[in-house]
Amino acid sequence: MSSRKRASLYEKLQRLRTATNSTAVNKTSIIVDASRYIENLKEKVERLNQEISGTSSSLSSSSTENQLPMVTVESLEKGFLINVSLEKSCPGLLISILEAFEDLGLDVLNARVSCAENFQLEAIGGENEGEDHGINAQVVKQAVLQAIRNWTENNEQG
């Protein structure tokens, strides 16, 4: 990437960081903070619309339960940077995602996870030594999304 493109990207990330009141320093964290900021704005708009129309607040709770996960996968030199974010606590979801990594032949090289009020995962996965699956970021993303769907189906039945 040219230095001009890199500088332009850096400037845009700093503007995004400022606009979303983020204190993050790396680009992935800035983007995660921005997505949280956008989700909070959506919720505020929904609440305001409900107040204006006078509808019950029960709609609000059901819509937050059905929020879609945010999954991003970025190719690295030797592996992938995987981010998963859901606006609710998801007991057991981490295990499902790690099993998906294992099925793909990815080793978790580094990870940060929060499962308290919401689910956040930032992981760096590298392909197992000696294995060349030729997997790409899209394959990893689809596997993570499938793991989330499987987890959701299993928890709705229980």
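**Notes on a predicted model: helix H2 and the S3–S4 strands**

1. Let's begin with Leu41, which sits in helix H2, a helix covering residues 27-53. This is a predicted model, so please read every value here as computed from it. Is Leu41 buried, partly exposed or exposed? Leu41 counts as partly exposed because its relative accessibility is 37%, and the buried class is reserved for values under 20%. Together with Tyr37 and Ile38, Leu41 makes a nonpolar surface patch of about 240 Å².

2. Now step back to the whole chain. The protein chain has 5 helices and 4 strands, and along the sequence they follow the pattern α-α-α-β-β-α-β-β-α. Of the 158 residues, 32% are buried. The accessible surface comes to about 10400 Å², with 51% of that belonging to carbon and sulfur atoms. Among contacts with a separation of 6 or more, 54% are between residues 24 or more positions apart.

3. Helix H2 also carries charged pairs. The model has 5 salt bridges in total, and one of them joins the side chains of Asp33 and Arg36, at 3.1 Å from N to O. How far apart are Asp33 and Arg36 along helix H2? They are 3 residues apart, and therefore separated by about one helical turn. Arg36 is partly exposed, because its relative accessible area is 29%.

4. A second pair to look for in your viewer is Lys42 and Glu39, whose side chains meet in a salt bridge at 3.4 Å, N to O. Lys42 and Glu39 are also 3 residues apart in helix H2, so about one helical turn lies between them. Both are partly exposed: Lys42 has a relative accessibility of 49%, and Glu39 has a relative accessible area of 23%.

5. Next, the strands S3 and S4. Strand S3 spans residues 106-114, and it runs antiparallel to S4, with 8 bridges joining the two. A hairpin of 4 residues connects S3 to S4. If you want one pairing to find by eye, try Val108, whose bridge partner in S4 is Gly125.

6. A salt bridge links these two strands as well. Glu122 forms a salt bridge with Arg112, with the closest N and O atoms 2.7 Å apart. Why does this pair tie together separate parts of the sequence? Glu122 lies in strand S4 and Arg112 in strand S3, so the pair ties together parts that are 10 residues apart in sequence. Glu122 counts as buried because its relative accessibility is 18%, whereas Arg112 is partly exposed at 48%.

7. Gln120 deserves a careful look. Gln120 is found in strand S4, which covers residues 119-127, and it counts as buried because its relative accessibility is 11%. Which residue meets the side chain of Gln120 in a polar contact? The partner is Ser85, side chain to side chain, at 3.2 Å. Leaving out residues up to four places away in sequence, Gln120 touches several others, including Val32, Arg36 and Arg112. You have already met Arg36 in its salt bridge with Asp33 and Arg112 in its salt bridge with Glu122.

8. Finally, visit Thr72 in strand S1, which covers residues 70-76. Thr72 is partly exposed, because its relative accessible area is 32%. Setting aside residues up to four places away in sequence, Thr72 touches Leu81, Ile82 and Asn83. Thr72 and Ser85 are 13 residues apart along the chain, and their C-alpha atoms are separated by 9.1 Å.

Notes:
Residues numbered from 1 in each chain as written. Predicted model: local features only at pLDDT ≥ 70, side-chain atom pairs only at ≥ 80, totals over all residues. Heavy atoms only, no water. Patch = residues over 30% accessible without salt bridge, like charges linked within 9 Å, V, L, I, M, F, W, Y side chains within 5 Å. Areas by Shrake-Rupley, 256 points an atom, 1.4 Å probe, with all protein chains shown as cover. Salt bridge = Lys/Arg side-chain N within 4 Å of Asp/Glu carboxyl O. Buried < 20%, exposed > 50% of the residue type's maximum accessible area, 1.4 Å probe, protein only. Polar contact = N/O pair within 3.5 Å; in protein donor to acceptor, adjacent residues only side chain to side chain. Contact = heavy atoms within 4.5 Å. Pairing = 2+ DSSP bridges.
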